[in-house]
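These are my notes from a session with this model, kept in the order in which I looked things up. I went to the enclosed space, then to the aromatic rings, and at the end to the confidence values.

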Amino acid sequence: MKMNYFISYAVTFIIALVLLLPVIAHSQELTEIQKKERCQNNKNRIAELEKQLQVLNVDLSQTMTNKEMEDKKAQLVFVRSMKIRGYIVDENKYDKISAQNNFKNRECYGNNYYANKSMESSLHKCFAELEDILIAKIDKAVSLQNKKPELLAKKNETNKQLASHRTNLIALGCDNQIGQLSGACKLEAIWTQDTPGVGSTTWEIKSDGTADERGIGYAKGKANIKGNVLHIDWKTNTGYSGYYEWTLGDDCSNGKGRLVFKTGRTDSLSSTVKKN
């Protein structure tokens with residue numbers, strides 16, 4: 001009697017299990033689909049936020065401190081005086097201002113202007129072009145000045161959202177997530193940056209963030225990685241300072257970003273980086 005009851009119970013359990021297996025499998029399948037969708041949604045949002053962050057960084061790089069504004073206006077006065085006189089008053093100063101403002105008209109940059117047959121008209125054109133560049137930078141900085149607190153607040157909020165979505169990737173266990181989130185991305189390495197208009201240099205970054213540049217300005221700085229963003233604050237012994245910021249790819253071996261000057265010059269240039 002007991003044996004028959006046991007057999008009947010076992011058979012009922014097996015039948016119920018067989019009937020439920022497709023349901024369980026279907027439930028697991030839906031969970032995996034939902035997981036993939038959420039992973040992709042987070043990745044898409046991260047990509048959008050990174051683009052927003054790049055725009056904010058470009059705008060912030062075009063703002064100026066009071067001292068930087070005074071220096072830029074002084075440069076404008078100097079260029080206008082040469083434009084009126086029709087000749088270069090101080091060649092070294094002219095070259096420095098041209099370099100700081102990324103002005104590279106080969107007809108008049110440095111000593112090359114002497115090779116031009118119509119030197120007077122060429123110089124006037126060069127001074128006018130450099131004058132326009134300075135006016136545009138000053139006007140842009142003035143237009144952004146009152147917006148700077150808002151831009152900084154947006155940057156802070158964007159970084160918070162990025163951190164949240166990257167945390168979601170970890171929690172979901174997403175495949176092919178950013179290398180840094182799985183621990184693959186390390187700060188300590190030799191990185192080579194290439195910035196058109198400036199050149200290529202190598203940065204040796206130690207685990208504590210100490211960064212030393214090999215080449216060009218031989219700058220020294222401090223580096224960090226947050227999420228998949230590599231950032232280096234740097235300065236040279238010749239009066240230049242600024243920062244590099246690159247968004248690294250999935251394997252954290254290379255990325256794209258910008259070089260932003262803070263002193264010495266005040267422009268911002270596109271830049272790439274790769275791990276050696």
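**Cavity.** I looked up the volume of the largest cavity and found about 120 Å³, in what is a predicted model. With the threshold set at 30 Å³ or more, I have a count of one cavity. Its lining is made up of 13 residues, and those that lie nearest the centre are Gln54, Asn57, Glu245, Gly257 and Arg258. I then asked which elements give two or more residues to this lining; they are α1 (2–61), β6 and β7 (254–263). Sorted by class, the lining of the largest cavity has five nonpolar residues, together with four polar and four charged ones.

**Aromatic pairs.** I turned next to the rings, where the count comes to five aromatic pairs. I described each pair I opened by the distance of the ring centres and the angle of the planes. Tyrosine 94 and phenylalanine 127 are edge-to-face, with 5.8 Å from centre to centre and 90° between the planes. This pair links distant parts of the chain, since tyrosine 94 belongs to helix α3 (residues 91–100) and phenylalanine 127 to helix α4 (residues 119–145), 33 residues apart. I also checked their accessibility, and both tyrosine 94 and phenylalanine 127 are buried.

The next pair I opened was tryptophan 234 with tyrosine 244, which is tilted, at 6.4 Å centre to centre and 40° between the planes. I note that the centres have to lie within 6.5 Å for two rings to pair. Tryptophan 234 sits in strand β5 (residues 229–235) and tyrosine 244 in strand β6 (residues 241–248), 10 residues apart, and this pair too is recorded as linking distant parts of the chain. Both tryptophan 234 and tyrosine 244 are buried. Following the ring pairs further, I arrived at a cluster that joins Trp203, Trp234, Tyr244, Trp246 and Phe261.

**Confidence.** How far do the pLDDT values support such a reading? For the protein chain the mean pLDDT is 79, and 79% of the residues reach 70 or more. Confidence is lowest in α1, at a mean of 68, and highest in strand β3 (residues 210–214), at 93. I keep the value for α1 beside my cavity entry, as α1 is one of the elements that give two or more residues to the lining.

Over residues 23–28 the pLDDT stays under 50, and the model has zero contacts for them beyond four places in sequence. Residues 109–118 are also below 50, but this stretch has 19 contacts in the model beyond near neighbours in sequence. Where pLDDT is low, the predicted coordinates should not be read in detail.

Methods: Residues numbered from 1 in each chain as written. Predicted model: local features only at pLDDT ≥ 70, side-chain atom pairs only at ≥ 80, totals over all residues. Heavy atoms only, no water. Phe/Tyr/Trp six-rings, centres within 6.5 Å; stacked < 30°, edge-to-face > 60°. Helix = DSSP H or I, 4+ residues; strand = E, 2+ residues; numbered from the N terminus. Buried < 20%, exposed > 50% of the residue type's maximum accessible area, 1.4 Å probe, protein only. 1 Å grid on protein atoms, 1.4 Å probe; cavity = no way out; pocket = protein on both sides within 12 Å on 5 of 7 lines; lining within 4 Å. Points joined across faces, edges and corners; volume = space filled by probe spheres on them. Nonpolar A, V, L, I, M, F, W, Y, C, P; charged D, E, K, R; others polar. pLDDT = per-residue confidence, 0-100. Contact = heavy atoms within 4.5 Å.
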